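I opened a notebook for a structure that was new to me. These entries record what I looked up, in the order I looked.

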Amino acid sequence: MQPRSIVFVLLASLFPFLGKAQSGGHAAMDQFVSGLMKKMTLDEKIGQLNLPTGGNFTITGPQPSQDVEDKIRKGEVGGVFSIYTPEAIRKEQDIAVHESRLHIPLIIGLDVIHGHKTIFPIPLGMSCTWDTTLIEDAARIAATEASADGVDWVFSPMVDIARDPRWGRVAEGSGEDPWLGSLIAAAVVRGYQGKSLEDTNTVMACVKHFALYGAVEGGREYNSVDMSPLKMYQYYLPPYHAALEAGAGSIMTSFNDLDGLPSTANHWLLTDLLRKQWGFRGFVVSDYTAVSELSNHGLGDLQAVSARALKAGTDMDMVSEGFLKTLKKSVQEGKVSMADIDRACRLVLEAKYKLGLFKNPYLRINEQRAHASMTTPESLEMAKKVAEHSFVLLKNENQTLPLSRSSTIALVGPLADDQDDLQGAWVLAGDPKKVITIRQGLDQAAGDSSRVIYARGSDITDDPFMVEKMIRYHLLPPGPPRQKDSAGMVREALQAASKADVIVAVLGESESMSGEAASRSDIGIPACQESLLHALVATGKPVVLVLVNGRPLTLPWEESHCAAILETWAGGTEGGAAIADVLYGAYNPSGKLTMSFPLSVGQIPVYYNHKNTGRPFDPNNKYTSQYLDIPNDPLFPFGFGLSYTSFSCSAPSLDRTRLTGDQQAVATVTVTNTGKYPGTETVQLYISQPTATLTRSVEDLKGFRKVFLEPGKSAQVRFTITPDDLKYYHMNLDYDWDPGTFIIRTGPNSRDVQSASLVWKKGP
Ligand code: NOJ
């Protein structure tokens, strides 16, 4: 008999309901889990609530996990994360299934944030595609690869709305808008979880970070949040809810406190809202050591905070072992009830059940599939497509782009021939050696490498404070960071520039400058790269700035001095090939920003759906809401992105302007390609209500359509508007709409809109 069938027989005899249970509905699952829980001791139940790290990768917290295999053997572990490959996972699963008393399989988690082996652009970049089908397809590929590597469960999507680009984790999210963020959150969950979690190529999603992590004060990682209920419901909670409505099986608590109580111990958040209001039936996992960190928040010792976290609604404890070490004592002392332990244990077991693990603990562990599924030509093609669609053209003076194939290019910058940084933050399994650099991409696309003269030009940063930290955290090798002296590097770049018709400067951030634990107070291009750029611009040759970075940057000087600016984020495995295609015009850029680019750090937070204030800015009146030294508006607004062609959008025309109750209005916009290239425009619909019961955003995104047009062609796009689009949260948190006048705004971004108005009354 094969080892796997032995396991199955063993499990089948242990779990008598197994056969029908896996294919049955909730009743069968309840029956199965109840049967299993009857056999479990208190220790074994608590063991299911413990999630140590396999520890192969960067430890993102104060402590790694110890003696994990021994604990699995003793039934003290419910799942393990941060491991992959069938071999590594089989080893742990074998111990759980063969050597623990009840043979309960482990759930295996991993941070799969924007791809597993095939790396897609960072999520912020993907969101700029405004294409939920592409995003779902990318998540499907990530799930296929991760599951083939033995992973059951991914810590994604991160759906935290963020208005502060100093926070490095904006790279992992979908920007500032709750409506678009909700669509994307649901698409990612669908992509991961597929048709059934029992399918070999699906993984369970874990929505994070619940809640409001994107609103940390000052954009500083792990910081506090304080927010009014109205703001929370209106702008921050919708994407979490949308992801759960799409069926996400689990959710992760956030590190921050929220109105005086950290999420991990917040009963209102994890029970009243999540379970009672939203009816969530999956399980809640803490973030990395977020349970024991409750002590640093000032909530008591390990026993006290563990009890509090469990009772609030945290089901699984990631790494801190507060549950493992203290919950039994708390039960004995009457500080925690058996019902709380049973609730959490049941939810973890149910997740394993839904993932098909009781039927076959080795469902996703298959070396052959792993061998055949990774970085296939189809996946790489999709990665290139997603990357091309994610790039945002921010400026293109005198049609500098696309580049002519006969031009000689000086390709300059520390990110121009770089593999690691093109993968972006949060890549665990991706192989940087597979990444196509921008230099390689351009060489290939130019077909004649003498057309591309490369010089590195500068380091990524020479800021001593930052370099010292990077060395301390092993992100840079010790010793002098420079390959050469900076003046020498700039000289080489200028020599390359002197032989070229056009300069392509690839500047920005390294992968470790965004993502977790990567807040920055100055979000400009680092000084040494900036000096290089000044020298290049001074040559008088046109400079195309290609940005590689994980967040909106402040770019006022660049915007007024570079001929063209292409935002490419961290484009992933195929990033360099995609950038070359776009620079040469094989793909006409179509991405639109999902986060405003501030003019300066002092404007932060700056976001499109802000309130009007009682003194909206009036240039002729000092006593209106403004800064004396800079304009209020961001440099590049939400929804902004150019194309090599030009488009015109008509004002919206409405089929009716007086409506009652549940009627619908249709807004029609004619969009025309008025330029020379075929291209895609994203027509956006915003709604505002100037007079309402409460103050409202100046406008809220409520729809968009992507339209591909040949030069000279037009199309009509229609938006159906229903009362649902008018709703907002009222003082008592009712989600309803106020009758009155609504302004329907349409256009190519949140700033350049045209409008029409209608009056909507409540029904009789
Ligand atoms: C901490 C991060 O905040 C979270 O996003 C991640 O999933 C966990 N560490 C696990 O690595």
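The entries below cover two sheets, then the pockets, then the cavities.

**Entry 1: the model**

I noted at the start that this is a predicted model.

**Entry 2: the open sheet**

I looked up the strand order of an open sheet and found 6 strands, running β2-β3-β4-β5-β6-β9. The pairing in this sheet is parallel. I then asked which strands stand at the edges. They are β2 (79-81) and β9 (283-285). Each has a single partner strand, so one side of each is left without a neighbour in the sheet.

Inside this sheet I checked one pair. Strand β4, residues 153-154, runs parallel to strand β5, residues 204-210, and 2 bridges join them. I wrote down one contact across the pair: W153 of β4 is opposite M204 in β5.

**Entry 3: strand β14**

Next I went to β14, residues 502-508, and asked how many of its residues are buried. The count is 7 of 7. I sorted them by face. V502, V504, V506 and G508 are on one side, and I503, A505 and L507 are on the other. Both faces are covered.

I looked for the partners of β14. One is strand β12, residues 409-412, which pairs with β14 in the parallel sense over 4 bridges. Here A410 faces I503 of β14. Another is strand β15, residues 543-548, also parallel to β14, with 6 bridges. In that pair, L507 has L547 of β15 as its bridge partner. I followed the chain from β14 to β15 and passed through helix α22, residues 527-538. This β-α-β crossover is right-handed.

**Entry 4: the largest pocket**

I looked up the largest pocket and found a volume of about 1,400 Å³. It is lined by 44 residues, and L475, S512, E516, A517 and A518 are the closest to its centre. By type, the lining has 19 nonpolar, 15 polar and 10 charged residues.

Which helix gives the most to this lining? It is α20, with 4 residues. Both α18 (420-423) and α20 (464-472) supply at least two.

I also asked where the largest pocket lies. Domain 1 (3-365) and domain 2 (377-512 + 523-589) both give residues to its lining, so the pocket lies between them.

**Entry 5: the second largest pocket**

The second largest pocket holds about 830 Å³ of space. Its lining has 27 residues, with Y607, H610, N632, D633 and P634 closest to the centre. I sorted the lining into 13 nonpolar, 9 polar and 5 charged residues.

**Entry 6: the cavities**

I then turned to the cavities and found 6 of 30 Å³ or more. The largest has a volume of about 260 Å³. Of the 28 residues that line it, P123, P157, S174, I184 and V188 lie nearest its centre.

I checked which helices contribute to the lining of the largest cavity. α7 (123-127), α8 (132-148) and α9 (178-193) each supply at least two residues. The largest share is from α9, which provides 5 residues. The lining of this cavity divides into 17 nonpolar, 8 polar and 3 charged residues.

Key:
Residues are numbered from 1 along each chain as its sequence is written. This is a predicted model: local features need pLDDT of at least 70, side-chain atom pairs count only at pLDDT 80 or more; totals for chains, interfaces and linings use all residues. Side-chain values use heavy atoms; hydrogens and water are left out. On a 1 Å grid over the protein atoms alone, a cavity is a set of points where a 1.4 Å probe fits but cannot get out, and a pocket is an open set with protein on both sides within 12 Å along at least five of seven lines; lining residues have an atom within 4 Å of a point. Grid points are joined across faces, edges and corners, and a volume is the space filled by probe spheres set on the points. Ala, Val, Leu, Ile, Met, Phe, Trp, Tyr, Cys and Pro count as nonpolar, Asp, Glu, Lys and Arg as charged, and the others, Gly among them, as polar. Buried means under 20% relative accessible area, exposed over 50%, partly exposed in between (1.4 Å probe, protein chains only). Two strands pair if DSSP finds at least two bridges between them. A crossover is right-handed if, with the strands pointing away from the viewer, the path from the first strand over the helix to the second runs clockwise. Domain bounds come from an automatic or database domain assignment.
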